[in-house]
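Please open the model in your viewer and keep the selection tool to hand. The tour below goes from one selection to the next and says what is found at each stop.

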Amino acid sequence: MTNLIPIANDIDGPLLALEYTNGQKEPSQRLRMAPVDIANPSEEHMMLREMVRDWTKEFVEPQALEHDKHERFNLPLLRSMGELGLLGISAPEEFGGAGLDAVACTIVHEEIAASDPGFALAYLAHSMLFVNNLAHNGTDEQKARILPKVCSGEWIGAMAMSEPDAGTDVLGLGTTAVQQEDGTWLLNGRKMWITNGCIDEEGTPADVVWVYARTGKDAKGRVQLSTFLVEAGMSGYSVGQKIYDKTGMRASNTAELVFDDCIVPAANLVGEVGESLIHMMGNLEIERLTLSAMGLGIARRSLEEMNRYATDRMAFGSQIRDFGQIQRHIGEGWAKYRAMRAYIYDTANNLQIGKAGQRLDSDGVKLFASTAAKEIADSAIQVMGGYGYVGEYNVERLWRDAKLLEIGGGTLESHHKNITRDLFKDGDAITR
Ligand SMILES: Cc1cc2nc3c(=O)[nH]c(=O)nc-3n(C[C@H](O)[C@H](O)[C@H](O)COP(=O)(O)OP(=O)(O)OC[C@H]3O[C@@H](n4cnc5c(N)ncnc54)[C@H](O)[C@@H]3O)c2cc1C
């Protein structure tokens, strides 16, 4: 039998020891740990947050309303992030990246989305869906040739998985790639909803797209997916249309891409033929985490706006924050915001980029944070009354942008499905 007993005190509180029946004592743990801020676990993370917050305030915030209103993507602003080292945040330093971890990626998405989720989505499509994918799955030759360009902002990247007739059912995708006698690949099909698919109003395609295509079936008759790096100027690659009139995320470009006998060199196949389901699953985890981080930024900003307004606005001789129904919006908003922050950064601290295996929590955080963000933005509109309903006060835009998080990168229903499936395989996760 052992007991926990205090043996000393220091600045971080009492130090505990295990006391064994023979009287031996073994220092064990602190009764009160030094406070840990899981959202800023190191000095470097804190500095990164401050840098991105300052930059966002100066450059992102002033342009957010106009770009949303006119459905315009701010290409120069995205390119300028190369100078800050943010475009290749998780890519190795030897190829021009910053080599940072999942917490750092989460911080950057949270901070930018607190001002402009639409712009943050364009950043995510470039840095997470393209750059991170290539950094962890590309060949050395592909990384050496392409990563410096996408890390600096010279090239803009996108990832094309979804199609007009297949989204959640990813194995139902119809784009095909067939290898020719000369070794090149012939791609045919259409991709839909591709963020950064075009980079301006003239339909200029992204410089490089990570394209998933069918390359046949395996021995058991299952669909094989492979990845191809399609570069601007390759014959048969074009933009079908820029998709206008989206509910939210209007500051990002969304496009349909067309591959019509598109010829792709053999060197642009990523990894081995049929290997791409693994790339896709691994990269979806950081995608879902960073989409959740965008939800956190939306929630934080919405809470800030409604809290301020509830103090400033008077009705019936009182500040409206004195009314119980307003208190419910603020109180519940705060609790949801803190819960999402804790779950998101707990997941980020444990997620190893480039390795699959964290789907339970990357789906879990996105399931929770996307709806929580939408609800908190909705509360902010309600608290702010008519002002909340117009663009100048920001929260209606945040609410529209938040809705996308329940669809893009996996729908709520796909998260329900994945979580239930993963808990069937590993029920012990609940008690671990
Ligand atoms: C603004 C925007 C940006 C996007 N950016 C990109 C991008 O950069 N790259 C990219 O590849 N894609 C992108 N997407 C596509 C996005 O990932 C898909 O829209 C999403 O995966 C859902 O696919 P879908 O639209 O085809 O809907 P579907 O998959 O057809 O789903 C329709 C409905 O059926 C439900 N459903 C489907 N299967 C099941 C099931 N098994 N059980 C229960 N319900 C089910 C869904 O949850 C949903 O409610 C973007 C979408 C938008 C709107």
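Begin by selecting the side chains of Thr 175 and Glu 163, which make a polar contact with each other at 2.6 Å. Bear in mind, here and at every later stop, that this is a predicted model. Thr 175 sits in the loop that runs between strand 4 (157-160) and strand 5 (176-179), and with a relative accessibility of 0% it counts as buried, the cut-off for that being under 20%. If you expand the selection to the residues that Thr 175 touches, leaving out those up to four places away in sequence, you will find Glu 163 again, together with Asn 188, Gly 189, Arg 190, Lys 191, Tyr 212, Ala 213 and Arg 214.

**The whole chain**

Now zoom out and colour by secondary structure, so that the ten helices and 13 strands of the protein chain can be told apart. The radius of gyration of the protein chain is 24 Å, close to the 22 Å that the globule rule gives for 432 residues, so the chain is as compact as a globular protein of that length. Along the principal axes, its C-alpha atoms fill a box of roughly 75 × 70 × 40 Å. Of the 432 residues, 51% count as buried, while the surface that the protein chain exposes comes to about 19,600 Å², with carbon and sulfur atoms supplying 52% of it. If you draw a contact map and keep the contacts with a separation of 6 or more, residues 24 or more positions apart account for 69% of them.

**The ligand**

Select the ligand next and show what lies around it: 18 residues surround it, and the closest are Ser 162, Thr 168, Trp 193, Thr 411 and Glu 413. How far is a nitrogen atom of the ligand from an N or O atom in the side chain of Ser 162? The distance to draw there is 2.7 Å. For Trp 193 the atom to pick belongs to the backbone, where a polar atom lies 2.7 Å from a nitrogen atom of the ligand. For Thr 195, by contrast, pick the side chain, which places a polar atom 2.8 Å from a nitrogen atom of the ligand. Taken alone, the ligand exposes 980 Å², and the protein buries 66% of that.

**Helix 3 and what covers it**

Move on to residues 102-113, which form helix 3; at 1.5 Å a residue its twelve residues should span 16 Å, and its end C-alpha atoms are 17 Å apart, which agrees. How many of its twelve residues are buried? Twelve of the twelve are, and the helix is thus mostly covered. Among these buried residues are Cys 105, His 109, Glu 110 and Glu 111. To see what they pack against, show helix 1 (43-69), helix 4 (117-137), helix 6 (276-312), helix 7 (324-350) and helix 9 (395-404).

**Two residues in the packing helices**

In helix 1, select Gln 63, which at 10% relative accessibility counts as buried. A polar atom of the Gln 63 side chain lies 2.7 Å from the backbone oxygen of Val 60, and, with neighbours within four places in sequence set aside, Gln 63 is in contact with Asn 74, Leu 77 and Asp 116.

In helix 9, select Ala 402, which is buried at 0% relative accessibility. Apart from residues up to four places away in sequence, Ala 402 touches Ile 298, Ser 370, Ala 373 and Lys 374. A C-alpha distance is also worth drawing here, since Ala 402 and Gly 248, which are 154 residues apart along the chain, are separated by 7.7 Å.

**Two partly exposed residues**

Select His 416 in helix 10 (residues 412-425); with a relative accessible area of 41%, His 416 is partly exposed. From its C-alpha atom, draw a distance to that of Asp 363, which is 53 residues away in sequence and 8.2 Å away in space.

Finish in the loop between helix 2 (75-80) and helix 3, where Gly 85 is found. Gly 85 counts as partly exposed at 24% relative accessibility. The last distance to draw runs from Gly 85 to Asp 182, which are 97 residues apart in sequence and, C-alpha to C-alpha, 39 Å apart in space.

Note on methods. Residues numbered from 1 in each chain as written. Predicted model: local features only at pLDDT ≥ 70, side-chain atom pairs only at ≥ 80, totals over all residues. Heavy atoms only, no water. Helix = DSSP H or I, 4+ residues; strand = E, 2+ residues; numbered from the N terminus. Buried < 20%, exposed > 50% of the residue type's maximum accessible area, 1.4 Å probe, protein only. Polar contact = N/O pair within 3.5 Å; in protein donor to acceptor, adjacent residues only side chain to side chain. Contact = heavy atoms within 4.5 Å. Expected span 1.5 Å × (residues − 1). Rg over C-alpha atoms; globule rule 2.2 N^0.38 Å. Areas by Shrake-Rupley, 256 points an atom, 1.4 Å probe, with all protein chains shown as cover. Near = heavy atom within 4 Å.
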